[in-house]
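Q: Please take a close look at one part of this structure. I would like to know how its charged side chains pair, and what the surroundings of those pairs are like.

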Amino acid sequence: MKIDKREILAALLPGAALALWAIGGWAAFSATLDAAERAALAAMLQERVALILLGGLLLAGVLGWALREAYLRWVAASARLAEEGRVLLAADVEREIEPAGSVETRALAELINRLAAQRAELRADVAAQVREASRSVEQERNRLAALMAELTQSVVVCNLDGRILLYNSRARTQFRALSSAPSVSGGAELIGLGRSIYTVFDRALIAHALESVQQRLQRGAAHPSAQFVTGTRAGQLLRVQMAPVREIDAAPGEVSLNGFVLMLENITRDFADESERDTLLHGLTEGSRASLGNLQAAVELLDDEGIDAATRERFHGVIRDEVRAMSRRIQELASHTAQTMKTRWPLEDMLGADLLAAAARRIEAQCGCRVATGAVDGALWLKVDSFSLLQALVYLAQRLVDEYELKSVSLRLGEASGRARLDLAWIGATMSTEIVMGWETDAMRIGSETLALSVRDVVERHDGAFWFERERVRHESFFRWLLPLAASSEQLDAAQIVKTESRPEVYDFDLFRASEQSRELAERPLAELAYTVFDTETTGLNPGQGDEIIQIGATRIVAGKLRREDVFDQLVDPQRTIPEAGIPIHGITPEMVQGAPTIAAVLPAFHAFAQETVLVAHNAAFDMRFLELKQQATGIVFDQPVLDTLLLSAVVHPQQESHRLEAIAERLGVNVLGRHTAVGDAMVTAEIFLKLIPLLAERGIHTLGQAREAAQQTYYARVSY
């Protein structure tokens, strides 16, 4: 509890006043006596000085106690009543204030309780009317939820800043597959309300697609959309279709967007399956052709001398005709299959730098050689079949490594005469034109798999060109591709598209109005920020003496709402014993953490989950100390702002005796469930924080910077771990 200086002053003031009165009275009385009288008086009092002092101390104590009790009864009780009244007013808490203090203060508390009860009745009546009025809206919400749940496509709705506003369960599953740490976070670091879609997609890629949609809207297209293929950090290939969310209140004839819808399809497996089917069909046709060759050879053996000439000739003619017909049909089928394989996949827009990054990853993984990216024009957009082109690049790199033992290659991308120039280059080994032609026409082989397409087929699919070239001065050789460019136009950044006021709140679409980059973070209102509220369970209370984290739990607050479904919950193997004394508190046994990931694996996933948010914890200094001690070992730094509900409670309730989590929850009417589990404590802390925001506003604290500054002025801010 905060030390109240006025209470101390009330207790000490009577003693100080009595002492001053005694000193002043003695000085005034002594001034009226002569020397003999003063000596006689001093002699008389000298033997009774202890009794006089004791009486004075007792009198001062009684008066101090009486004045302190008066202060607590009339002043402190009124201050506590005012604090609790502010809670009822600003934090939407329904509970009665316990009367305390003087008769007048108790009467005032009873009056406040009656007013609070009347307000609760009015709120209940308003809530009933709102529920009745929103019945049809809730029905539409359920229909939308059912529709989204049954969609076979992954659907994600974003605002123009790339913040996720809505997604379905299929999208959650899709993002789990894209996560680089699925066993730790289950993809939670990639998707969630208020999270940025740019953790998965390049910002320029989205801006390019938005530009295409905007241009089609301006041309009057009724249902404009854009489609592109991109690689992800996890090595997956995604086909993405984008549709705009138009501004409903736009002026007539004006084209205005306030968001976009992404429909995602992972095509990595589809292309692999198609390639496998092509290989099987190719093997079938080649095997049939070989069988026909054997059949024709067997026919020749039928020229037996025992058969008369006319019969032999007649059978020979029939068999030859059938063989020719079957050969012709097989040849036509093979030709049709090859042509279909070359043309059935449409070319799609892809950022050139994205293609090179995907190619570099695959070549390094498949061929075991280093890949450098040289001069790359980051503004080039290609129109390609990315999968077959990546296969061709990997195939050529594999042959260079296998036959010439190259240790490194490089990739370059630029523009030449209205086409994209893609080079696969290396230093040293050279080759003849005949070898290059053989590589170009051979069926591509990657690892143990032989593909139906050749490099030449891939070139023809793109209506491009391919050749080998050598620069003798630099002793450099390279394969060069000429590929088609996507339709070029002036690039538009998503932020340049006109934004207007969003539609009314439906399914949290009010996030369309958020602009995370519009103001400095410290100047942002608390109600507008996104938060990650977290808690840790540990082996003990001494992070500097070897205690370790055994569980991290977190949830998120976005647009002023607690997102209970957006949760991070992970047990951690502390790689040390868990003291038995702590097990009854947190309920985590050594068996529960056995086989769990270590903190080195968990922290990167939690860091991704919490990125671009403000961290919130109760007694945050304790939890942050555990995280800080792992910075050097893991390289993970949590450098975002931190708010502490313990300190904020001390700001809004300086007169309260306790700022423990349970005490704050009781004051603010928050139910405590799952106490001493990381997720349970994080949920309670999040609800407390939401109720503290309006109480801070009552004290003139509206922004993040103001909240942090006020928290640092409290007594508890001096505590360190």
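A: A salt bridge here is a side-chain nitrogen of Lys or Arg within 4 Å of a carboxyl oxygen of Asp or Glu. The model is predicted. By that cut-off, E403 and R399 form a salt bridge, with an N to O distance of 2.7 Å. Both residues belong to helix α12, which spans residues 386-404, and they are four residues apart, about one turn of the helix. E403 has a relative accessible area of 42%, so it is classed as partly exposed.

What does α12 lie across? The helix lies across β9, β10, β13 and β14 (476-483), and it runs at about 165° to β14. Those strands belong to an open sheet of five strands with mixed pairing, ordered β7-β9-β10-β14-β13. At its edges are β7 (370-376) and β13 (465-471), each of which pairs on one side only. On average, neighbouring strands in this sheet are turned by 20° against each other, direction ignored. A further helix, α11 (residues 352-367), lies across β7, β9 and β10, and runs at about 165° to β9.

Within this sheet, β9 and β10 run antiparallel and are joined by seven bridges. One position in that pairing is E415, which stands opposite A420 in β10. The loop between β9 (408-416) and β10 (419-427) contains S417. S417 is not a glycine, yet its phi is positive, about 55°. With a relative accessible area of 81%, S417 is exposed.

C367 has a relative accessibility of 10%, so it counts as buried. Over the whole structure, a search finds zero disulfides. C367 is in none: the nearest cysteine sulfur belongs to C369 and is 5.3 Å away. A disulfide would need the two sulfur atoms within 2.5 Å, so this pair does not qualify.

The pair in α12 can be set beside salt bridges elsewhere. The search of the whole structure finds 16 of them. One of these joins R239 and E265, whose closest N and O atoms are 3.6 Å apart. R239 is in strand β4 (residues 237-246) and E265 in strand β5 (residues 257-266), so this pair ties together parts 26 residues apart in sequence. E265 is partly exposed, at 31% relative accessibility.

Another salt bridge is formed by the side chains of D566 and R556, at 3.1 Å from N to O. This pair links distant parts of the chain, since D566 sits in strand β17 and R556 in strand β16, 10 residues apart. Are these two residues buried or exposed? D566 is buried, with a relative accessible area of 2%, and R556 is buried at 1%. There is also a network: salt bridges that share partners join R412, D423, E476 and R480.

The strands that hold D566 and R556 are part of an open sheet with mixed pairing, in which five strands follow the order β17-β16-β15-β18-β19. β17 (561-571) and β19 (642-644) stand at the edges with a single partner strand each, so one side of each has no neighbour in the sheet. Here the average turn between neighbouring strands is 25°, direction ignored.

At the β19 edge, strand β18 (residues 614-617) pairs with β19 in the parallel sense over three bridges. V616 has L643 of β19 as its bridge partner. Helix α18 (residues 620-628) lies across β15 (531-538), β16 (549-558), β18 and β19, at about 75° to β15.

After the β17 edge comes a loop. Q575 is found in the loop between β17 and α15 (583-586). Its phi is near 55°, a positive value in a residue other than glycine. Q575 is exposed, with a relative accessible area of 64%.

Helix α21 (residues 661-668) is mostly covered, with six of its eight residues buried. The buried residues include L661, I664, R667 and L668. G669 follows α21 and has a positive phi, near 75°.

To return to the pair asked about: E403 and R399 meet at 2.7 Å within one helix, α12. The D566 and R556 pair instead links strands β17 and β16.

Note on methods
Residues are numbered from 1 along each chain as its sequence is written. This is a predicted model: local features need pLDDT of at least 70, side-chain atom pairs count only at pLDDT 80 or more; totals for chains, interfaces and linings use all residues. Side-chain values use heavy atoms; hydrogens and water are left out. Buried means under 20% relative accessible area, exposed over 50%, partly exposed in between (1.4 Å probe, protein chains only). Two strands pair if DSSP finds at least two bridges between them. Helices (H or I, at least four residues) and strands (E, at least two) are DSSP runs, numbered from the N terminus. Axes are lines fitted to C-alpha atoms, for helices over the stretch in contact, and angles run from 0 to 180 degrees between N-to-C directions. Contact means heavy atoms within 4.5 Å.
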